[in-house]
Amino acid sequence: MLRLFRAVAIAEAFSWVGLLAGMYVKYIAQASEIGVKVFGPIHGGLFLLYVAAVLLVARERGWSRATVVVGLVCAVPPLATIWFERRQMRRERRRPPQAAAAETAATATGRRR
């Protein structure tokens, strides 16, 4: 599940960059709106996938409510999902193996702490 979260967080950030570039071309350069037409729906879909990924991983890994809120807020500013993803990956690497194994076992049996 962490791999999916990571991929979606990075893809969402890149779609933001594409949408911003499209908006620049449409509104500032006033050349074409194709970038917005292409990246708008892509970014919208990846935004929703990112929100779902944060909620699923938070449940699986036992993230606090504050961490979930930060993760969801990071979907709004451009490239913030990459910052949040990296932050959480560092925290997961520092997590003791016993805690990770216990969380995985509890999730598999449907029990929560």
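Is R61 buried or exposed, going by its relative accessibility? At 13%, R61 counts as buried. The close-ups below all come from a predicted model.

**View 1. The R61–E92 salt bridge and its network.** R61 pairs up with E92 in a salt bridge, and the closest N and O atoms sit 2.6 Å apart. R61 belongs to helix α2 and E92 to helix α4, so this pair ties together parts that are 31 residues apart in sequence. Like R61, which is buried at 13%, E92 counts as buried, with 14% relative accessibility. Salt bridges with shared partners bring R95 in as well, giving one network of R61, E92 and R95.

**View 2. E85 and R6, a link between α4 and α1.** Here's another of the 4 salt bridges in the count: E85 with R6, whose closest N and O atoms are 2.8 Å apart. The two come from distant parts of the chain, E85 from helix α4 and R6 from helix α1, 79 residues apart. E85 is buried, at 1% relative accessible area, while R6 is partly exposed at 39%.

**View 3. The E33–K37 salt bridge.** In this pair, the closest N and O atoms of E33 and K37 are 3.3 Å apart. E33 is partly exposed, with a relative accessible area of 37%, and K37 is exposed at 55%.

**View 4. The two sides of helix α3.** Helix α3 covers residues 65–73, and its buried residues are T67, V68 and G71. They span an arc of only 100 degrees around the axis, so they end up on the same side of α3. R65, A66 and V73 are exposed on the other side. The cover over the buried residues includes α2 (34–61) and α4 (80–94).

**View 5. Q88, a buried residue of α4.** Q88 sits in helix α4 and is buried, with just 2% relative accessibility. Leaving out residues up to four places away in sequence, Q88 touches W63 and T67. That second partner, T67, is one of the buried residues of α3.

**View 6. S15 on helix α1.** S15 is part of helix α1, which runs over residues 2–28. With a relative accessible area of 3%, S15 is buried. Apart from residues up to four places away in sequence, its contacts are F39, I42, H43 and L46.

**View 7. A nonpolar surface patch.** L20, M23, Y24, V25, Y27 and I28 make a nonpolar patch of about 570 Å² on the surface. Among them, Y27 lies in helix α1 and counts as exposed, with 51% relative accessibility.

How values were computed
Residues numbered from 1 in each chain as written. Predicted model: local features only at pLDDT ≥ 70, side-chain atom pairs only at ≥ 80, totals over all residues. Heavy atoms only, no water. Buried < 20%, exposed > 50% of the residue type's maximum accessible area, 1.4 Å probe, protein only. Helix = DSSP H or I, 4+ residues; strand = E, 2+ residues; numbered from the N terminus. Arc of directions from axis to C-beta. Contact = heavy atoms within 4.5 Å. Patch = residues over 30% accessible without salt bridge, like charges linked within 9 Å, V, L, I, M, F, W, Y side chains within 5 Å. Areas by Shrake-Rupley, 256 points an atom, 1.4 Å probe, with all protein chains shown as cover. Salt bridge = Lys/Arg side-chain N within 4 Å of Asp/Glu carboxyl O.
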